[in-house]
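Grab a pencil and your favourite viewer. Here are a few exercises to work through, each with a solution that goes step by step.

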Amino acid sequence: MAPKSIVKKIIPEFAIGGYHYLAAFLGALFFGFPSRKIKVIGVTGTNGKSSTAAMIDRILNEAGVKTALSSSVEFRIGDKAWKNSSRMTMPGRFALQKFLRQAVAAGCQYAVVEVSSEGVRQHRHRFIDFEAAVFTNLAPEHIESHGSFEKYRAAKGEFFKACRKIHILNADDANCGYFAQFRAQKKYGYAIEGKNNNISEMAGGEIVLARNIKLSPIGSSFEIAGRRFDLKILGEFNVYNALAAIACARSQGVDLDICRTALAGMEAVPGRMERVIGAPFEVFVDYAVTPDALGKAYQTAKIGLGSGKLICVLGACGGGRDKWKRPVMGGLAKKYCDRVILANEDPYDEDSQKIIDQIAGDGAPNIEKIVDRRKAIKRALAMAKPGDRVLVTGKGCEDSMCLAAGKKMPWNDKTVILEEMAGLG
């Protein structure tokens with residue numbers, strides 16, 4: 001039996017919070033409260049955490065700072081990097097404190113850490129002296145786990161309560177006012193001109209404002225204070241991620257020109273709107289496991305598509321997680337995609353066919369159901385023609401698929417796409 005299951009079995013539900021808090025304290029104590037010797041930047045929000053954290057990390061490196069990074073995608077301390085295969089956005093209390101201790105020992109001056117609502121609920125952020133808290137955006141997610149959207153938002157809010165130094169807020173997000181109420185020594189906001197309905201919530205804070213946004217099939221560009229930023233990364237959502245990273249960098253005294261140079265050299269974060277094949281048609285993979293993220297991924301994939309078709313492969317996570325979003329995501333696929341193939345994702349102990357039936361809802365002429373994800377990807381590639389785009393969502397750069405009884409099978413969307421593409425040749 002897993003340690004988590006044992007804890008749930010022997011500790012009364014009302015005492016679970018105390019257990020997590022004590023574990024956080026003991027982890028920090030055991031590793032010598034390492035956050036006192038390094039500046040820790042926490043990034044939270046529903047979507048964009050991994051990309052924003054990677055951008056902050058890249059900018060700090062460009063500024064000559066040695067960093068450590070803990071994200072859903074990877075862990076890195078200085079030049080040593082390894083993949084995050086735990087399926088945990090935020091490591092457990094002892095693991096995170098150990099990571100920070102190793103970063104200190106390696107001479108890192110900063111650590112950039114993704115912070116999840118589940119991690120906050122389990123007090124994983126406690127006894128970490130955060131230099132800055134960065135908010136990307138908020139949309140319904142983990143509703144069944146938290147109990148309501150308000151409780152989900154409140155979990156994020158607890159992180160901002162705990163960080164009293166610097167807050168970095170998305171002034172274009174409808175929830176900006178909620179996070180702006182928490183006290184901090186300094187506050188920074190970021191926004192796109194023409195969309196900034198909540199800048200008034202940032203009274204007294206410095207605003208990083210982007211103008212003249214241009215989106216294309218190969219990247220994006222914008223201007224800040226008369227300086228032009230060019231990104232190789234696709235989508236307006238990545239413009240927001242970049243703005244969050246720039247605002248964070250400004251809070252640490254990093255010059256805009258350094259930010260511009262750092263971001264210009266960045267490729268897509270693995271599994272985040274990542275181009276896998278460029279010709280004769282384009283194929284992308286994207287993590288997109290929320291309706292908000294999926295809609296933005298589809299909108300981005302349509303940019304410059306012209307008369308080409310958008311062919312999409314998607315599924316939904318099993319294990320009873322957020323079942324409400326399945327028909328919503330199916331509706332988005334019907335709306336944006338010319339052809340939709342519904343397939344397995346991470347069924348856990350649920351029936352895969354039932355999951356994709358729930359996504360399909362009443363169905364549509366442009367929807368096919370192929371439970372086997374490899375066969376679904378092969379079908380999508382086979383029907384694509386020059387000028388089309390194929391978008392495979394839900395797994396990103398994950399290296400396994402979760403099945404019943406805690407079993408996992410090796411799986412990587414990018415690898416499968418390349419194998420099946422070679423087979424078609």
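**Exercise 1. Which residue is the bridge partner of Ile277 in S13, and how do the two strands pair?**

Solution. Keep in mind that this is a predicted model.
- Step 1: look across from Ile277 into S13, and you land on Val283, its bridge partner.
- Step 2: place that pair in its strands; S12 and strand S13 (residues 282–286) run antiparallel and share three bridges.

**Exercise 2. In what order do the six strands of the open sheet lie, and which are the edge strands?**

Solution.
- Step 1: walk across the sheet and you read S12-S13-S17-S14-S15-S16, with mixed pairing.
- Step 2: look for strands that pair on one side only; these are strand S12 (274–277) and strand S16 (367–369), the edges.
- Step 3: check the twist; leaving direction aside, neighbouring strands here are turned by 20 degrees against each other on average.

**Exercise 3. Which strands do helices H13 and H15 touch as they pack on the sheet?**

Solution.
- Step 1: take helix H13 (residues 352–360), which touches strand S14 (310–314), strand S15 (339–342) and S16. The directions of H13 and S16 make about 170 degrees.
- Step 2: take helix H15 (residues 413–424), which sits against S12, S13 and strand S17 (389–393). The directions of H15 and S12 make about 25 degrees.

**Exercise 4. How much space lies in the largest cavity, and which residues line it?**

Solution.
- Step 1: count first; with a cut-off of 30 Å³ or more, there is one cavity.
- Step 2: its volume comes to about 40 Å³.
- Step 3: list the lining, which is Pro217, Leu234, Met273, Phe284, Thr300, Ala301, Ile303 and Arg389.
- Step 4: sort that lining by type, and you get six nonpolar residues, one polar and one charged.

**Exercise 5. Which residues lie nearest the centre of the second largest pocket, and which helices each supply at least two lining residues?**

Solution.
- Step 1: the second largest pocket holds about 360 Å³ of space.
- Step 2: of its 19 lining residues, Glu236, Phe237, Tyr240, Asp292 and Lys296 lie nearest the centre.
- Step 3: trace the lining back to helices; helix H9 (236–251) and helix H11 (291–302) each give at least two residues.
- Step 4: split the lining by type into seven nonpolar, six polar and six charged residues.

**Exercise 6. Why is the protein chain as compact as a globular protein of its length?**

Solution.
- Step 1: take stock of the chain, which has 15 helices and 19 strands.
- Step 2: compare radii; the radius of gyration is 21 Å, close to the 22 Å that the globule rule gives for 425 residues, so the chain is as compact as a globular protein of that length.
- Step 3: add the dimensions; the C-alpha trace spans about 60 × 55 × 40 Å along its principal axes.

Definitions and conventions. Residues numbered from 1 in each chain as written. Predicted model: local features only at pLDDT ≥ 70, side-chain atom pairs only at ≥ 80, totals over all residues. Heavy atoms only, no water. Pairing = 2+ DSSP bridges. Helix = DSSP H or I, 4+ residues; strand = E, 2+ residues; numbered from the N terminus. Axes fitted to C-alpha atoms, helices over the stretch in contact; angles between N-to-C directions. Contact = heavy atoms within 4.5 Å. 1 Å grid on protein atoms, 1.4 Å probe; cavity = no way out; pocket = protein on both sides within 12 Å on 5 of 7 lines; lining within 4 Å. Points joined across faces, edges and corners; volume = space filled by probe spheres on them. Nonpolar A, V, L, I, M, F, W, Y, C, P; charged D, E, K, R; others polar. Rg over C-alpha atoms; globule rule 2.2 N^0.38 Å.
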